Amino acid sequence: MARFTRVFGVPKLRVDFVRGLRFRLALSYVIFFTVLLVVIGLAFRKNLQLEMDGDVAEALEEEWGAAKGYLKIVNYRPEWIADSTDPEEAYIVERLRHVYLLTDANGDVLQNSETYASIGFDSPAEVRRIMQLPKPEVHIRFDKYGVPYMIKAGQVLDDKGRPYFFAIGRSIEANRRTLEAFTRNYFFFLPVMIAFSGLLGWVLAGRAIRPVNSVAQAAQNITGSNLSLQIPLRGAGDELDHLIESFNRMTARLNQSFEQIRRFSTDVSHELRTPLTAIRGQLEVALFTAETPEQYRDAIVNALEDVEKLSSIVRSLLLLSQAESGQVILQKAPLDLAEVAADVVDQFQIPAEEKGVVLSASLDADAVISADRTQIERLLSNLLSNAVKYTPKGGSVRVRVARDNSPGWAQLVIEDTGLGIPAENLPHIFDRFYRVRNAQTNLTQGLGLGLSFVAWIVEVHGGRIDVASTEGEGTRFTVLLPLTGQPVEAPPLEHSIAEPRA
Amino acid sequence: MTLPRPVNVKLEYMRILVVEDEKRIADFLSRGLESAGYAVDVANDGAKAIDLVHAAEYDLIILDLGLPDMDGLTVLQKIRNRKTSPPVLILSARDQVDDRVKGLEGGADDYLVKPFAFVELLARVRVLLRRGQPTPERLQVGDLTLDCIRRKVTRASENVELAPKEFSILEYLMRNRGRPLSRTMIVEHVWDMDYDGLTNIVDVYIRHLRSKIDDKWPVKMIQTVRGIGYMLDLPEKAEKAG
């Protein structure tokens, strides 16, 4: 069974927790901190050990020197010479003799302390190896209880200059205990520190991405109808404010185009309703009131005219929407603007004469542009038909084609001595369905789409259009189009409204 | 098909001002209204409309909102500033609820969106023209009576129980005795809002009403008017009107 539920409103997007930025930031924070703390801990421990062992080694060094002073070997017999009356000296010697070993060059033990026996005597090979070294060697060994000792071993000479193997040592168990305590404490507290860093990371990441979330939330609330919604800036001037600002500008632009579409659809329905009303009403009333075939005929003819008007509105709309959505493919080719203008001007000579308007042209042949001929003809005829339509009897319309003063541009000017356009209407004349209503003449013919076409044609040819008008005196349209093969920056156009004939 | 003629002979002399700039629309409006028995003047802009209102007495003004020289609402305001002013029916191509509310708040009595059916316009015109006449507390058509105060309905001295909406529809029909009312008008009047597309509901209520006040008696009062809606009257008169 197929099912479908229409959901209204904007569905809320949710971020998967584990893939969320906040979690990932906090997690990397934790990982980073763990590695850092472990490395620091290990380095510190190593450093501590080296320092403590260094202290012991230094003490051993001193004792080694002292031992060499107190130990005399005479005739293979070692003798500790110390003044037994001096308690200090006796103590030193006692200390020296706590861990020591003396052997002959073959490793046969001559004298030793008990502790050294527990550590174990050096093998003859080891004795020979050490005795060949230029300096005494320091190494660490353990007794049978596992207590670590630092041993300094080397050779000493007797009164005849014969070498003997001699070693003294010191327990470094205290050092080991200190290190162990440090390690234990440190790694016991490590999880606590990691947990704390995780918490910190979570909070920091949350603070960092809160604006992102608010942007996301605001974005979710935006629909076609509340596009004016803006996310408030935080005033920090940072990257997130930048993001919010870009976002706000985007919605503002969208809002503008939605507004245009809304206005356009209202306009279209308004434009279509008027002829529809006329068609319907005329036919209905004819049905009720007409008596002769002529009356029916009139009603049908009138209705057909309105149908034609309706079709032409629909046709123009379709064409314009195709044009503006880029569905019209331009066939650009080198085009002599003067030649096209001459053609179009010829077409308008008869309607102008009928109306009593003088139509003149000054066409400079040296303006070749790359353009679609059909569109340029449409541009010219839309502008010319407006000029002729709004110029009263006895007026004149002038068409001029020339190279513009700024290099690289062709200039087309259509100037009339017509009614002119009120200044407040000028910014809107290129809008669709915009018509300047003139009370004197009540000229509301046309669809208000002609200039929209003109604007589009100029735009797709990379040109500029400028209009200058004085009410009651006339209007001048200036179109600039780029000459072939000379892409240049558009020159600034003066927007003179008050002085059309400057 | 012929246009339903007004029943009341007095209406034939009523004057209507049509304010409309589209010539085609003004033409068919005046032709249609004239053939329905009204005297019609046409103004094709706001200024002329105001002049005409000052120069002559009209019983009704049909006002298009999109005028070349001024906004229809401005014209409405100027007309309403006079001491006595006729009812105004607005014609507009704007169908947003906002526009409708603005029009009605501006003092218009009715609002019709283009394009419209001419018979619909005519039905509304007739109802508007009847306004201003004193409305009796007791309405009577043949042996059917409706007491507006006590909200009681009797047919041939027999009490008829009606639901509130049925009562409202019957009251509206009886007040406009002999005038065809469109389904849209009934919806707008009884439900106080735009039941766009829900005009079927009117047919349902009319069926209920008929079963209560017409079915048992030989004389049927609620008439169906083809292409418009319904009308209440005694059958002899209704035949004349049809």
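A crossing of two helices is called right-handed if the near helix is turned clockwise from the far one by less than a right angle, and left-handed if it is turned anticlockwise. I note at the start that I am working with a predicted model.

Entry one, a helix pair in chain A. I looked up helix H8 (residues 337–355) of chain A and helix H9 (residues 373–389) of chain A, and I found that they pack at an angle of about 25 degrees, with their axes 10 Å apart. Because angles under 35 degrees count as roughly parallel, I wrote down H8(A) as roughly parallel to H9(A). With the definition above in mind, I recorded the crossing of H8(A) and H9(A) as right-handed. I then went through the residues that make the contact, among them Val344(A) and Phe348(A) from H8(A), and Ile376(A) and Leu380(A) from H9(A). Sorting the residues of this contact by kind, I have 10 nonpolar, 1 polar and 3 charged.

Entry two, a sheet in chain B. I recalled that strands of a sheet pair through backbone hydrogen bonds, either parallel or antiparallel. Here I found an open sheet of 4 strands in the order E6-E7-E8-E9 (chain B), and its pairing is antiparallel. Strand E6 (138–141) and strand E9 (158–160) of chain B stand at the edges with a single partner strand each, so one side of each has no neighbour in the sheet. Ignoring direction, I noted that neighbouring strands of this sheet are turned against each other by 25 degrees on average.

Entry three, one pair within that sheet. I followed strand E7 (residues 144–147) of chain B along strand E8 (residues 152–155) of chain B, and the two pair in the antiparallel sense over 4 bridges. In this pair I located Thr145(B), which stands opposite Thr154(B) in E8(B).

Methods
Residues numbered from 1 in each chain as written. Chains lettered and ligands numbered in written order. Predicted model: local features only at pLDDT ≥ 70, side-chain atom pairs only at ≥ 80, totals over all residues. Axes fitted to C-alpha atoms, helices over the stretch in contact; angles between N-to-C directions. Parallel < 35°, antiparallel > 145°, perpendicular 65-115°, else oblique. Contact = placed C-beta atoms within 7 Å. Nonpolar A, V, L, I, M, F, W, Y, C, P; charged D, E, K, R; others polar. Pairing = 2+ DSSP bridges.
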